[in-house]
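Got your viewer open? Let's walk through this one stop by stop, selecting as we go.

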Amino acid sequence: SAYDTVVEDRKLVGKRHPLAWVLRGVEWMAVRLADVVFMDTRAHAARMEAMFGLQAGACGRVWVGVEDSVFDGASVAANGPSGRVAPMQVAPMQVDPMKVLFYGQFIPLHGLSTIIEAARQLRDEPIDWLLIGRGQESQRVQAMLREVPLARVSLLEWVEYEDLLGHIRDADVCLGIFGTSDKATSVIPNKVFQILAAHKPLITRDSPGIRELAGDAYTDIALVDAGNARVLADALLAWRNEPPASDPRRGALVARFTPAAIGRQCIEILMQGQPS
């Protein structure tokens, strides 16, 4: 929903702004003209039903998914971080710094301020942070880093898509999102699917959305309180001292959102939603 993104989540204009009225009106009409409507999680679907006055259960769910030809989990797991031992084989209290990666648009949904604050709290630990991206929150991130310089935090405005996998491969831990908005509560961003498919340890915010996919306790997935830098820092420190073992159920988890699995989800929804 463009209305949800622009008005509710990013707050680029107020609810009474003419653009807000146009976006809401167009989308209110669109979901009524469509024969089939679906979102990326059931939690997100329920929000859209409430936002646009649809009947409960009218909106379906299809995962965002991942290009399995690009994010080849078997290849990443086999290679491990560049020039180093794969995380599950590293002894506790490793000598090399832990490498933490975040990438994506710098938008409120991602909770960059929580990540920066966690880096501040861990500034004396052997943890290197790489933040890749740019966007609405870029100036705020740069201001936080000017206020309290962090030598171990590196920023890259962007990388080519084909180079992204190398950065994921080189990381010990990848970060998802930590925003506190209603949208952050209900979505699973594409970066989370990519990290899961690449079989890398993941820390992201706990939410009804992510629990639809990864609600069980996984050894290499940590769900933390949204907007809480302390719990994020504690999760990273725990994995710094004892790197997580690769969860044997990750393959089955990834199989739920391959292109083939998503295709089956789409077919089921389309067949159920065919007008009589």
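Start by selecting Arg 205 and Val 224: Val 224, in β8, is the bridge partner of Arg 205. One thing to keep in mind from here on is that you're looking at a predicted model.

**The sheet**

Now widen the selection to the two strands around that bridge. β7 covers residues 202–205, and it pairs with β8 in the parallel sense over four bridges. In general, strands of a sheet pair through backbone hydrogen bonds, either parallel or antiparallel. So switch on the backbone and zoom out to the whole sheet.

In what order do the six strands of the open sheet run? Read across and you get β5-β4-β3-β6-β7-β8, with parallel pairing. The edges are β5 (153–156) and β8 (221–224), each of which pairs on one side only. Look along the sheet to see the turn from strand to strand: on average, neighbouring strands are rotated by 20 degrees against each other, direction ignored.

**A helix across the strands**

Next, select residues 112–121, which make up helix α5. This helix lies across β3 (98–103), β4 (127–132), β5 and β6 (173–175). Compare its direction with that of β4: α5 runs at about 160 degrees to that strand.

Stay in α5 and pick out Ala 118. Is Ala 118 buried or exposed? It's buried, at 0% relative accessibility. Show what surrounds this alanine: beyond its neighbours within four places in sequence, Ala 118 is in contact with Trp 129, Ala 229, Leu 232 and Ala 233. For a distance check, draw a line from the C-alpha of Ala 118 to the C-alpha of Ser 154; the two residues are 36 apart in sequence and 14 Å apart in space.

**Salt bridges**

Time to colour the charged side chains. Side chains of opposite charge can pair when their charged atoms come close. How many salt bridges does the structure hold? There are twelve, and here are some to visit.

- Select Asp 234 and Arg 230, whose side chains meet in a salt bridge at 2.9 Å, N to O. Both sit in helix α11 (residues 229–241), and because they are four residues apart there, about one helical turn separates them. Asp 234 is partly exposed, with a relative accessible area of 37%, and Arg 230 is partly exposed at 37% too.
- Go to Asp 206 and Arg 211, where the closest N and O atoms of the salt bridge are 2.7 Å apart. Asp 206 is partly exposed at 23%, while Arg 211 is partly exposed at 43%.
- Then try Lys 15 and Glu 8, with a salt bridge of 3.6 Å, N to O. Lys 15 counts as exposed at 52% relative accessibility, whereas Glu 8 is partly exposed at 23%.
- Finally, select Glu 117, Arg 120 and Glu 147 together: these three are linked in a network of salt bridges.

**Two loop residues with positive phi**

Select Lys 11, in the loop between α1 (2–9) and α2 (18–33). What is its phi? It's positive, about 55 degrees, although Lys 11 is not a glycine. This lysine is exposed, at 61% relative accessibility.

Now jump to His 199, in the loop between α9 (190–197) and β7. His 199 isn't a glycine either, yet it has a positive phi of about 60 degrees. It counts as partly exposed, with a relative accessible area of 24%.

**Last stop: the cysteines**

Select Cys 59 and Cys 266. How many disulfides does the structure hold? The count is zero. Cys 59 is in no disulfide, and the nearest cysteine sulfur, on Cys 266, is 12 Å away. Cys 266 is likewise in no disulfide, its nearest cysteine sulfur being that of Cys 59, 12 Å away. Why does this pair not count? A disulfide needs the two sulfur atoms to be within 2.5 Å. While you're here, turn on the surface: Cys 59 is buried, with a relative accessible area of 8%, but Cys 266 is partly exposed at 23%.

Methods
Residues are numbered from 1 along each chain as its sequence is written. This is a predicted model: local features need pLDDT of at least 70, side-chain atom pairs count only at pLDDT 80 or more; totals for chains, interfaces and linings use all residues. Side-chain values use heavy atoms; hydrogens and water are left out. Buried means under 20% relative accessible area, exposed over 50%, partly exposed in between (1.4 Å probe, protein chains only). Contact means heavy atoms within 4.5 Å. A salt bridge is a side-chain nitrogen of Lys or Arg within 4 Å of a carboxyl oxygen of Asp or Glu. Two strands pair if DSSP finds at least two bridges between them. Axes are lines fitted to C-alpha atoms, for helices over the stretch in contact, and angles run from 0 to 180 degrees between N-to-C directions.
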